[in-house]
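Q: Please put the model on screen. I should like to go through it by short questions and answers.

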Amino acid sequence: MSAVLLIGGLDSSGGAGLLRDVAAAAAQGVAARVAATAVTAQGAGGVCALAPVPPEVVAAQIRAAGAVGAVKIGMLVDAARVAAVAGALPRAPMVLDPVLDASAGGALLDGGGLAALLTRLAPRAALITPNLPELAAIGAALGASDPVAALLAAGCGAVLVKGGHGAGAEAVDRLYQLRGVTDFAAPRRAGALRGTGCELASGIAAGLARGRGLAEATRAAKAAVSARFAALPAGGAGG
């Protein structure tokens, strides 16, 4: 069985973070290895407590995971955890989800952590998956009017700009690669779900671990997230 290493925070509600990551990998028949960067207490009301895991413990978890087919990185807290992750990563395609805030509210990465992420991890990523607010924050941190071009020029293999915060009848995720742009569209549905960014990035990483190409892995992961939205009752919300 293929394995994927999932690095991020533990969300006590299970709506996002590592538990959502593991569920996304399991749905594709991919075994999960995990490395927790923080333990959080959160739910629909936002983050009410956060305890970072010591950097040396973060690194030890990554090394203990052994060889894997792909890596997904989510919540990183600060520059110290970014450095611990960067120093221990295995050789495998890496999907980087630049998690800045919890869906329901609460900061999950500070300014120094974002700067470290952009210099130490983004250039090594096969894919980075910002939503529109995260992309704007990345542009500000880089001092770049075109953050997608800046990320690609720095060495990132591809950028998937998620369109969930946009407008229109469809939610369009746009995959930028040096060779061109590919759109992945799905109907925009009413209702709210937490952890969709975690699920999408983890689903893509699981697809890569199975040997799928990036576009194929992205299409499958997008379909899984869309299916969760379609299962919501009208105007409903889910964890």
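**Helices, strands and their surroundings**

Q: Where is Ala 154 found?
A: Ala 154 is found in helix H6, which covers residues 147-154. Helices (H or I, at least four residues) and strands (E, at least two) are DSSP runs, numbered from the N terminus.

Q: Before we continue, what kind of model is this?
A: This is a predicted model, in which local features need pLDDT of at least 70 and side-chain atom pairs count only at pLDDT 80 or more, while totals for chains, interfaces and linings use all residues. Residues are numbered from 1 along each chain as its sequence is written, and side-chain values use heavy atoms, with hydrogens and water left out.

Q: Thank you. Back to Ala 154: buried or exposed, or in between?
A: Ala 154 counts as partly exposed, because its relative accessibility is 46%. The cut-offs are under 20% relative accessible area for buried and over 50% for exposed, with partly exposed in between (1.4 Å probe, protein chains only).

Q: How far apart in space are Ala 154 and Arg 124?
A: Their C-alpha atoms are 9.1 Å apart, with the two positions 30 residues apart in sequence numbering.

Q: Changing topic, how many helices and strands does the protein chain have?
A: The protein chain has 8 helices and 11 strands.

Q: And what is the radius of gyration of the protein chain?
A: The radius of gyration is 16 Å, which agrees with the value near 18 Å for a compact globule of 239 residues. The quantity is taken over C-alpha atoms, and the globule rule is 2.2 Å times the number of residues to the power 0.38. Along the principal axes, the C-alpha trace spans about 45 × 40 × 40 Å.

Q: What share of the residues is buried?
A: Of the 239 residues, 50% count as buried.

Q: What about the contacts between residues at least 6 apart in sequence?
A: Of those contacts, 68% join residues at least 24 apart. A contact means heavy atoms within 4.5 Å.

Q: Now Leu 121: which helix, and buried or exposed?
A: Leu 121 lies in helix H4, residues 111-121. The residue is buried, because its relative accessible area is 0%.

Q: Which residues is Leu 121 in contact with?
A: Leaving aside neighbours within four places in sequence, the contacts of Leu 121 include Ile 73, Leu 76, Val 82, Val 85, Met 94 and Leu 96.

Q: Ile 73 takes us to E4; which way do the side chains point there?
A: Ala 70 and Lys 72 point one way from E4, and Val 71 and Ile 73 point the other way; all four are buried.

Q: Which strands pair with E4?
A: Strand E1 (residues 3-11) pairs with E4 in the parallel sense over 4 bridges, and Ile 7 stands opposite Ile 73. Strand E5 (residues 94-96) also runs parallel to E4, joined by 3 bridges, with Lys 72 opposite Val 95. Two strands pair if DSSP finds at least two bridges between them.

Q: What follows E4, and where is Val 77 found?
A: Val 77 is found in the loop between strand E4 (70-73) and helix H3 (79-88). Its phi is near 75°, a positive value in a residue other than glycine. Val 77 is buried, because its relative accessible area is 12%.

Q: Let us turn to E8; how do the side chains alternate?
A: In strand E8 (residues 170-177), Ala 171, Asp 173, Leu 175 and Gln 177 point to one face and are buried. Glu 170, Val 172, Arg 174 and Tyr 176 point to the other face and are not buried.

Q: Which strands pair with E8, and in which sense?
A: Strand E7 (residues 159-161) and E8 pair in the antiparallel sense over 3 bridges, with Leu 160 opposite Leu 175. Strand E9 (residues 180-187) also runs antiparallel to E8, and 8 bridges join the two. The bridge partner of Arg 174 in E9 is Asp 183.

Q: How many residues are in the hairpin that joins E8 to E9?
A: The hairpin joins E8 to E9 through 2 residues.

Q: Finally, where is Ala 51 found, and what does Ala 51 touch?
A: Ala 51 is found in strand E3, residues 46-52. Not counting residues up to four places away in sequence, Ala 51 touches Ala 38 and Val 39. Ala 51 is partly exposed, because its relative accessible area is 40%.
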